[in-house]
Each structure stands twice: as C-alpha cells, then as structure tokens.
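Here is my note on the model you sent, set out as numbered points. Please read it with the structure open beside the text.

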Amino acid sequence: MDVEALIGWNFRRLRQELGLSQDELWLRLGTLDQSYMSHLENGELNPTSRTIFRLAGALGVSEGELFQKVGVPDSILFSNKTEVKKTRAGRKQKPKKKQK
C-alpha cells in the first residue's frame, strides 16, 4: 500500500467535504507551505507524525481519519510503490531494503 498516497487522498477528500480550498486550509494551518499541501494531496510527500496531527486538527478530525481505507481507490491500496519520497525538509528518503 502507498501510505503517502492514502494520507494525501484522505486529506483532499476531507478538505473537499468541508468545502475548503487549499488556500483556506493553508490559512488555518498558518505555517505549512501551500506547495507542500499540494504535494501532500498528490501523495508525493511523507508527512511527519507532527504534520499529521496538525492536519487532522485543522480539519477537525482524528488522526486516524487520514488513514481510512473506505472508498480509497484500489490503485492506492494495492500499490507496490518503492520510489523515493521527499520529507518535509525536501530531502529524499531511500526505500528500506528488505533483509534476507
């Protein structure tokens, strides 16, 4: 499963259910960059636990809501993605190697 895409998909879904634009949510969050939120919604970033906590608070939901699997496209749930993701600081994370 592509966890980053799952979080991003739920983040976008919840934001849209509240009728908020990215700009409006950005104003609620204050310190997250607007481009960061866009990349997050597209599953291109690996958010920290602190960021997940802040996103959930701004959306008025529990952190677990960002990990919900109900209604999520199969392409996210059954993904074998191993590409390199960026952290909040913009550094690339290498996928962990499987131990034999």
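The points below go from the overall fold to single helices, their salt bridges and a few individual residues.

1. The model is a predicted one, and the remarks that follow should be read with that in mind. The protein chain contains five helices and two strands, and along the sequence these are arranged in the pattern α-α-α-α-α-β-β. Of its 100 residues, 35% count as buried. Among the contacts in the protein chain with a separation of 6 or more, 63% are made by residues 24 or more positions apart.

2. The pairing of H2 with H3 can be described in some detail. Helix H2 spans residues 22–29 and helix H3 residues 34–41, and their axes come within 10 Å of each other while crossing at roughly 115 degrees. The crossing in which H2 passes H3 is right-handed. On the H2 side the contact is made by Gln-22, Asp-23, Leu-25, Trp-26 and Leu-29, and on the H3 side by Gln-34, Met-37, Ser-38 and Glu-41. By character, the residues of this contact of H2 with H3 comprise four nonpolar, three polar and two charged.

3. Which residues of H3 are buried? They are Tyr-36, Met-37, Leu-40 and Glu-41. Viewed down the axis of H3, these buried residues fall within an arc of 135 degrees, and therefore they line one face of the helix. As a general point, an α-helix has 3.6 residues a turn, so residues three or four places apart point the same way. The cover over the buried residues of H3 includes H1, H2 and helix H4, the last of these running over residues 49–59. After H3 comes Gly-43, which has a positive phi, near 70 degrees.

4. Glu-41 deserves a point of its own, since this residue of H3 is buried, with a relative accessibility of 4%, and takes part in salt bridges to Arg-12 and to Arg-15. In the pair with Arg-12, the side chains meet with an N to O distance of 3.1 Å. Because Glu-41 lies in helix H3 and Arg-12 in helix H1, this pair ties together parts that are 29 residues apart in sequence. In the pair with Arg-15, the closest N and O atoms are 2.6 Å apart. Here too the partners lie in helix H3 and helix H1, so Glu-41 and Arg-15 tie together parts that are 26 residues apart in sequence. Through shared partners, the salt bridges join Arg-12, Arg-15 and Glu-41 into one network.

5. Are the two arginines of that network buried or exposed? Arg-15 is buried, its relative accessible area being 8%, whereas Arg-12 is partly exposed, with a value of 27%. The cut-off that separates the two classes is 20% relative accessible area, under which a residue counts as buried.

6. The structure holds three salt bridges, and one of them joins the side chains of Arg-13 and Glu-17, with an N to O distance of 3.2 Å. Both of these residues lie in helix H1, where they are four residues apart, or about one turn of the helix. Glu-17 counts as exposed, with a relative accessibility of 56%. In general terms, side chains of opposite charge can pair when their charged atoms come close.

7. Ile-7 is another residue to inspect, and it lies in helix H1, which covers residues 3–17. Ile-7 is buried, with a relative accessible area of 3%. Leaving aside residues up to four places away in sequence, Ile-7 touches Pro-47, Ile-52, Leu-66 and Phe-67. Its C-alpha atom is separated by 9.7 Å from that of Lys-69, although Ile-7 and Lys-69 are 62 residues apart along the chain.

8. Finally, where does Gly-64 lie? Gly-64 is found in the loop between H4 and helix H5, the latter formed by residues 74–77. Gly-64 is partly exposed, at a relative accessible area of 37%. From C-alpha to C-alpha, Gly-64 and Ile-7 are 9.7 Å apart in space, while 57 residues separate them in sequence.

Definitions and conventions:
Residues numbered from 1 in each chain as written. Predicted model: local features only at pLDDT ≥ 70, side-chain atom pairs only at ≥ 80, totals over all residues. Heavy atoms only, no water. Axes fitted to C-alpha atoms, helices over the stretch in contact; angles between N-to-C directions. Left-handed = near helix turned anticlockwise from the far one by under 90°. Contact = heavy atoms within 4.5 Å. Nonpolar A, V, L, I, M, F, W, Y, C, P; charged D, E, K, R; others polar. Buried < 20%, exposed > 50% of the residue type's maximum accessible area, 1.4 Å probe, protein only. Salt bridge = Lys/Arg side-chain N within 4 Å of Asp/Glu carboxyl O. Arc of directions from axis to C-beta.
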